[in-house]
Amino acid sequence: MIKRSEHTPQLKESAMRPTESYARWLQMLEQDLPHYFSKDLVDVACTGCGATRSKPVFTKFGFAYKQCMKCHSVFVSPRPSEASLDRFYTHSKSFKFWKKNI
């Protein structure tokens, strides 16, 4: 077990990511997501075990997250198609910004 002394620095997310750049990326992402993922959404079974019974747990960035009733994995469904994901990672301003600045 690693013992933490009073002089051991604690790693914070703000130290890993520049605050202004991260905030700008979030704004860009919120603009990009509807453009790339508003259609071509595909309903999927649990990505952990394949079960089809799930319940909604929360929504983030417009995506519905569900929890599997069998294995309790949390996953997105409906989710973007593979073609939509390819377009996003190839052309979106937010992903290009992330690669360059964060």
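Two strands count as paired if DSSP finds at least two bridges between them. In this predicted model, that rule can be followed through three strands, β2, β3 and β4.

Start with β3, residues 63–68. On one side, β3 pairs with strand β4, residues 74–76, in the antiparallel sense over three bridges. Within this pairing, tyrosine 65 stands opposite valine 76 in β4. Strand β3 also pairs with β2, residues 54–60, again in the antiparallel sense, over six bridges. Here phenylalanine 58 is the residue that stands opposite tyrosine 65. Tyrosine 65 therefore has a partner in each pairing: phenylalanine 58 and valine 76, each strand pair meeting the rule of at least two bridges. In a regular strand the side chains alternate between the two faces of the sheet.

Next come the turns that join these strands. The hairpin of β2 and β3 has two residues between the strands. Phenylalanine 61 is found in this loop, and it has a positive phi of about 55° although it is not a glycine. The hairpin of β3 and β4 has five residues between its strands, and histidine 72 in that turn has a positive phi of about 70°.

After β4 the chain has another feature of the backbone to look at. Proline 78 lies in the loop between β4 and β5, residues 79–80. The peptide bond leading from serine 77 to proline 78 is cis, with omega near 0°.

Now turn to the helices. Helix α3 covers residues 82–91 and helix α4 covers residues 93–101; their axes come within 6 Å and cross at roughly 50°. The two helices are therefore oblique to each other. The crossing of α3 past α4 is right-handed. Where they meet, Phe88, Tyr89, Thr90 and His91 belong to α3, while Lys93, Ser94, Phe95 and Lys96 belong to α4. Sorted by class, this contact has three nonpolar, three polar and two charged residues.

Helix α4 also takes part in a contact between aromatic rings. Rings of Phe, Tyr and Trp pair if their centres lie within 6.5 Å, and by this rule the count comes to eight aromatic pairs. One of them is formed by tryptophan 25 and tryptophan 98, with 4.6 Å from centre to centre and 55° between the planes, a tilted arrangement. Tryptophan 25 lies in helix α2, residues 19–37, and tryptophan 98 in helix α4, so this pair ties together parts that are 73 residues apart in sequence.

Technical notes:
Residues numbered from 1 in each chain as written. Predicted model: local features only at pLDDT ≥ 70, side-chain atom pairs only at ≥ 80, totals over all residues. Heavy atoms only, no water. Axes fitted to C-alpha atoms, helices over the stretch in contact; angles between N-to-C directions. Helix = DSSP H or I, 4+ residues; strand = E, 2+ residues; numbered from the N terminus. Parallel < 35°, antiparallel > 145°, perpendicular 65-115°, else oblique. Left-handed = near helix turned anticlockwise from the far one by under 90°. Contact = heavy atoms within 4.5 Å. Nonpolar A, V, L, I, M, F, W, Y, C, P; charged D, E, K, R; others polar. Phe/Tyr/Trp six-rings, centres within 6.5 Å; stacked < 30°, edge-to-face > 60°.
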